[in-house]
Amino acid sequence: MYELHDYLRSAAAYRVRIALALKGIEHDRSDVDLVGGAQHDPDFRALNPQGLVPVYSDENLHLTQSLAIIEYLDERYPEPPLLPVSLEQRARARQMAQIVCSDIHPLNGFRVHVYLRDALGIDTVRRRRWFEHWVLEGLDALELWLTADATTRRFAVGDTVSIADVCLVPQLDLARRNRIDVEDFPRLAAIERACMALPAFRDTHPGTGAATR
Ligand SMILES: N[C@@H](CCC(=O)N[C@@H](CS)C(=O)NCC(=O)O)C(=O)O
């Protein structure tokens with residue numbers, strides 16, 4: 001009944017896996033082989049015309065866009081909350097999530113890399129520069145924000161996990177897999193360590209393969 005169309009190495013899908021795990025929501029998982037091109041299959045396009053994972057389905061709807069899915073899950077299953085109770089902290093958590101989801105990740109998705117390579121003929125070295133430029137710029141900004149903000153404690157916003165951490169950790173994982181030294185961002189690295197101490201982050205990590213159910 002509950003299903004996630006997923007791909008282990010997708011940062012956007014990892015966000016949703018974390019949210020599902022934090023809330024203890026049992027679900028089936030279908031792997032969409034992005035490298036093999038399964039996102040272009042007509043059956044998958046019927047589910048998501050954008051040809052992107054994640055797609056979350058339950059008895060009520062098929063939903064795409066990781067932030068929309070996470071907020072839907074948070075409203076439907078309020079415990080533990082992924083959006084802070086305080087208005088200001090809630091806004092701050094959304095701000096951090098959107099730096100990742102709106103400003104860093106979209107510039108570096110798989111389809112962007114494929115387009116730069118195949119349509120524009122950009123070579124590996126310059127594609128690498130593109131990737132590094134946008135990721136480092138975004139992580140620099142997050143590091144500055146989270147160092148300056150008094151509400152940043154063990155996690156990005158306060159002492160409990162929020163949507164900000166759910167988005168930050170997959171982005172750091174993606175950066176590390178692309179040979180960016182996350183320890184250059186000490187505040188972000190410390191938050192990542194705090195998150196990875198939690199089973200919901202660890203058990204759904206692309207490297208564990210344990211996201212299957
Ligand atoms: N804004 C979307 C982004 C989804 C997205 O970019 N998914 C990537 C994997 S991380 C994808 O499915 N890419 C397929 C492709 O590039 O062909 C979300 O947050 O769900």
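# Exercises on a two-domain predicted model

In this predicted model, helix α4 bends by about 30° at Q98. The exercises below begin with that helix and proceed to the domains, the ligand shell and the backbone.

## Exercise 1. Helix α4

Determine how the end-to-end reach of α4 compares with the expected value, and identify its buried residues and what covers them.

Solution.

Step 1. The helix α4 (87-104) contains 18 residues, and 25 Å lie between its first and last C-alpha atoms. This is close to the 26 Å expected at 1.5 Å a residue.

Step 2. The bend to keep in mind alongside this span is the one of about 30° at Q98.

Step 3. A residue is buried if 20 or more other C-beta atoms lie within 10 Å of its own. In α4 the buried residues are R92, A93, R94, M96, A97, I99, V100, C101 and I104.

Step 4. The cover over these buried residues includes α3, α6 (124-148) and α7.

## Exercise 2. Helix α1

Establish whether the span of α1 agrees or disagrees with its number of residues, and state how many of its residues are buried.

Solution.

Step 1. The 12 residues of α1 should span 16 Å at 1.5 Å a residue; because the end C-alpha atoms are 17 Å apart, the span agrees.

Step 2. Burial is assessed next: 12 of the 12 residues of α1 are buried, so the helix is mostly covered. Among them are Y14, R15, V16 and R17.

Step 3. The elements covering the buried residues of α1 include β1 (3-6), β3, α3, α7 and α9 (199-202).

Step 4. Just after α1, G24 adopts a positive phi of about 65°.

## Exercise 3. The contact between the domains

Describe how domain 1 and domain 2 are placed, and find which element gives the most to the side of domain 1 that touches domain 2.

Solution.

Step 1. The protein is divided into domain 1 (3-80) and domain 2 (87-198). Taken over C-alpha atoms, the centres of the two domains are 20 Å apart.

Step 2. Contact between them involves 11 residues of domain 1 and 12 residues of domain 2.

Step 3. On the domain 1 side, the elements that give two or more residues are α1 and α3. Of these, α1 gives the most, with 7 residues.

Step 4. By class, the domain 1 side that touches domain 2 has 9 nonpolar, 1 polar and 1 charged residues.

## Exercise 4. V169

Decide whether V169 is buried or exposed, and list the residues that V169 touches.

Solution.

Step 1. V169 lies in helix α7, which runs over residues 163-177.

Step 2. V169 counts as buried because 27 C-beta neighbours lie inside 10 Å.

Step 3. Leaving aside residues up to four places away in sequence, V169 touches E192, C195 and F201.

Step 4. V16 is 153 residues from V169 along the chain, and 12 Å separate their C-alpha atoms. V16 itself is one of the buried residues of α1.

## Exercise 5. The ligand shell

State how many residues surround the ligand, and which helices and domains supply them.

Solution.

Step 1. The ligand is surrounded by 16 residues, of which the closest are S10, L52, S66, F110 and R111.

Step 2. At least two residues of this shell come from each of α1 (11-22), α3 (66-76) and α5 (110-119).

Step 3. Domain 1 and domain 2 each contribute at least three residues to the shell.

Step 4. The shell divides by class into 9 nonpolar, 6 polar and 1 charged residues.

## Exercise 6. Particular backbone geometry

Locate the cis peptide bonds at P54 and P80, and classify Q65 and R179, which have positive phi, by exposure.

Solution.

Step 1. V53 and P54 are joined by a cis peptide bond with omega of about 5°. P54 is found in the loop between α2 (42-47) and β3 (55-57).

Step 2. From E79 to P80 the peptide bond is also cis, with omega near -15°. P80 is placed in the loop between α3 and α4.

Step 3. Q65, a residue other than glycine, has a positive phi near 75°. Q65 belongs to the loop between β4 (62-64) and α3, and counts as partly exposed because it has 18 C-beta neighbours inside 10 Å.

Step 4. R179, likewise not a glycine, has a positive phi of about 65°. R179 lies in the loop between α7 and α8 (186-196), and counts as exposed because it has 9 C-beta neighbours inside 10 Å.

Conventions:
Residues are numbered from 1 along each chain as its sequence is written. This is a predicted model: local features need pLDDT of at least 70, side-chain atom pairs count only at pLDDT 80 or more; totals for chains, interfaces and linings use all residues. A residue is near a molecule or strand if its C-beta atom, placed from the backbone, lies within 6 Å of it. Helices (H or I, at least four residues) and strands (E, at least two) are DSSP runs, numbered from the N terminus. Ala, Val, Leu, Ile, Met, Phe, Trp, Tyr, Cys and Pro count as nonpolar, Asp, Glu, Lys and Arg as charged, and the others, Gly among them, as polar. Domain bounds come from an automatic or database domain assignment. The expected span of a helix is 1.5 Å times one less than its number of residues. The bend at a residue is the angle between axes fitted to the seven residues ending there and the seven starting there. Two residues are in contact if their C-beta atoms, placed from the backbone, lie within 7 Å.
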